[in-house]
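Student: I have a structure here and would like to test the words we use for it. Could we go through them one by one?
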Amino acid sequence: MYYSGKRRGEDGIAAVIDFLLSNARLVLGVGGAAMLGIATLAVKRLIERAGRPPDEKPDKKMTDSWEELGLVSASPKLLHKGIEGVVMKQIAAATKKELSQPIPLPSPEPLRCDIDPPQRRKRLDLCVMTFAERLQQYFRTRVCLSAEEVSVAQQRALDISTEIQAFLHSKHPDMPLGDMMLAGSLLDDLQVVKADHACLIVPLQLESSLWMPIAGEDTFLGHPQFCMVRRENLEYFPRGRSYWDRHLLGGYLSSRLVSEQLGKAVMESMNWPSLTGTLECEVRPVLGSPELKLEIQGLTQSSCDSGERFYITVLPTVRLNEMMLTAQREITGSFDYVWYQSLYTSETTRLAALDKADSGVRKKCLKTLKAVCRNCPALRKLNGSHLSNVILHMSEKETDWSESVFADRFLQAIAELIGYLETGIMPSFFKHNVNLFQGFTEDDIDEMGFMLYCAITEPEILLI
């Protein structure tokens, strides 16, 4: 637009478009600015086509014009924002002024001898690379982790979890805990960009006859993924019969009290300098966080030099009646007696089963979407749970998940996300009354919607 403005004058269509786009976010908001960008792109292309010499077929020009005008009506939000009444008149006036001026034809350039044909052909090949090829290249170079990186991270996490379990069994032998295990995307081959986090599951052994899970729908909380664990049969088995009775709060097992005890036992009592010397990497607890989290630096020499960190989140877990409940205070907030029902295992198991049945690319599509959202600041609030549920909902409608339609399914997932953002509701695949967008503000939705709207017409911007 800058060079076009210099050729045609500062009062031309380029100057008007520059002014409108630079002030659209302030006047129209994020969603309106996104659609204004699409509208001005369509008008700009129509103007450029009108100034070309008549060397194209009329049918082809008419088809392209209608296709680009279709961009303007791509979203109903365009009409709600009142853009055509304020902005489109300005664009129409500038367009009329520009079209009334003669457009000089470019002078033919003299032919030059190609000095290095192979290099030029290589550059041309890169220029004409299709989006499907760019997406495959992005997956190979930006998404996938090397086997060595994953192996080193898993081994370090396993060593640390072994040390923590041995310490708890020796210092707190009366605490009924099950065998600890690593979990998360690192173990399920769903981690992207870099190996930097894992979860350590600490299972609490509760007597099934003394404890009863209460679903969030049946409580005053009304949140389908918030659960409470109630102490039962107090008249026959009074308090003190279970080790976990000391963590009762109003007759319910307190996730806060359990987390605080594990925090004191692990985070504050273990000899971390000694463990650092044993494992040949620096390990220390993250203080001031609602999570029980460990920070590891120096998994490899390169990561130590670059200052990269690896984190292990310690998750106290209760399993009752096929329900997996975790103490995640960063999610449950100030409710001290509330546990969070995680659906991660169900989601990943379902995706793996679907891909195994038809050799599909659902997992590949999910990992690519996760990498895109992680690399794009505007989309970082879309986590693995949101993207997994998008793929699972799409699998209910689409049966072809072969490698040949990988790019089509990726773009379809972007369109599906826009649809969910338009309504502000994304239902969970396994619990339809759970809205996965519940924690998002209007500004969050507008920011994500703006980026995804732009990606509809120029999907390459997601692969930068």
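Student: What phi does serine 359 take just after α14?

Tutor: Good place to begin, and keep in mind that this is a predicted model. Serine 359, which directly follows α14, has a positive phi of about 55°.

Student: How do you know that the length of helix α14 agrees with its number of residues?

Tutor: Helix α14 runs over residues 344-358, which is 15 residues. The expected span is 1.5 Å times one less than that number, so it should be 21 Å, and the end C-alpha atoms lie 22 Å apart, which agrees.

Student: Which residues of α14 are buried, and what puts them on the same side of the helix?

Tutor: Glu347, Thr348, Leu351, Leu354 and Asp355 are the buried ones. Their directions from the axis cover an arc of only 130°, and therefore they sit on the same side of α14. These buried residues of α14 pack against α15 and α16 (384-397).

Student: And which exposed residues does the face turned away from the buried side carry?

Tutor: That face of α14 carries Lys356 and Ala357. To be called exposed, a residue needs over 50% relative accessible area.

Student: Why is threonine 368 called buried?

Tutor: Buried means under 20% relative accessible area. Threonine 368 has 0% relative accessibility, so it counts as buried. Its place is in helix α15 (residues 362-375). Beyond its neighbours within four places in sequence, threonine 368 touches Leu135, Tyr138, Phe139, Val143, Phe406 and Phe410.

Student: Why is α9 called roughly perpendicular to α10?

Tutor: Helix α9 (residues 147-171) and helix α10 (residues 255-267) pack at an angle of about 105°, and their axes are 10 Å apart. Angles from 65 to 115 degrees count as roughly perpendicular, so α9 earns that description relative to α10. Ile164, Phe167 and Leu168 of α9 make the contact with Leu262, Ala265 and Val266 of α10.

Student: What is the class of the residues in the contact of α9 with α10?

Tutor: There are six nonpolar residues, no polar and no charged ones. Ala, Val, Leu, Ile and Phe are among the types that count as nonpolar.

Student: To finish, how many helices and strands does the chain have, and what percentage of its residues are buried?

Tutor: The chain has 18 helices and 11 strands, and 45% of its 464 residues are buried. Among contacts with a separation of 6 or more, 62% are between residues 24 or more positions apart.

How values were computed. Residues are numbered from 1 along each chain as its sequence is written. This is a predicted model: local features need pLDDT of at least 70, side-chain atom pairs count only at pLDDT 80 or more; totals for chains, interfaces and linings use all residues. Side-chain values use heavy atoms; hydrogens and water are left out. Helices (H or I, at least four residues) and strands (E, at least two) are DSSP runs, numbered from the N terminus. Buried means under 20% relative accessible area, exposed over 50%, partly exposed in between (1.4 Å probe, protein chains only). Contact means heavy atoms within 4.5 Å. Axes are lines fitted to C-alpha atoms, for helices over the stretch in contact, and angles run from 0 to 180 degrees between N-to-C directions. Angles under 35 degrees count as roughly parallel, over 145 as roughly antiparallel, 65 to 115 as roughly perpendicular and the rest as oblique. The arc is that of the directions from the helix axis to the C-beta atoms.
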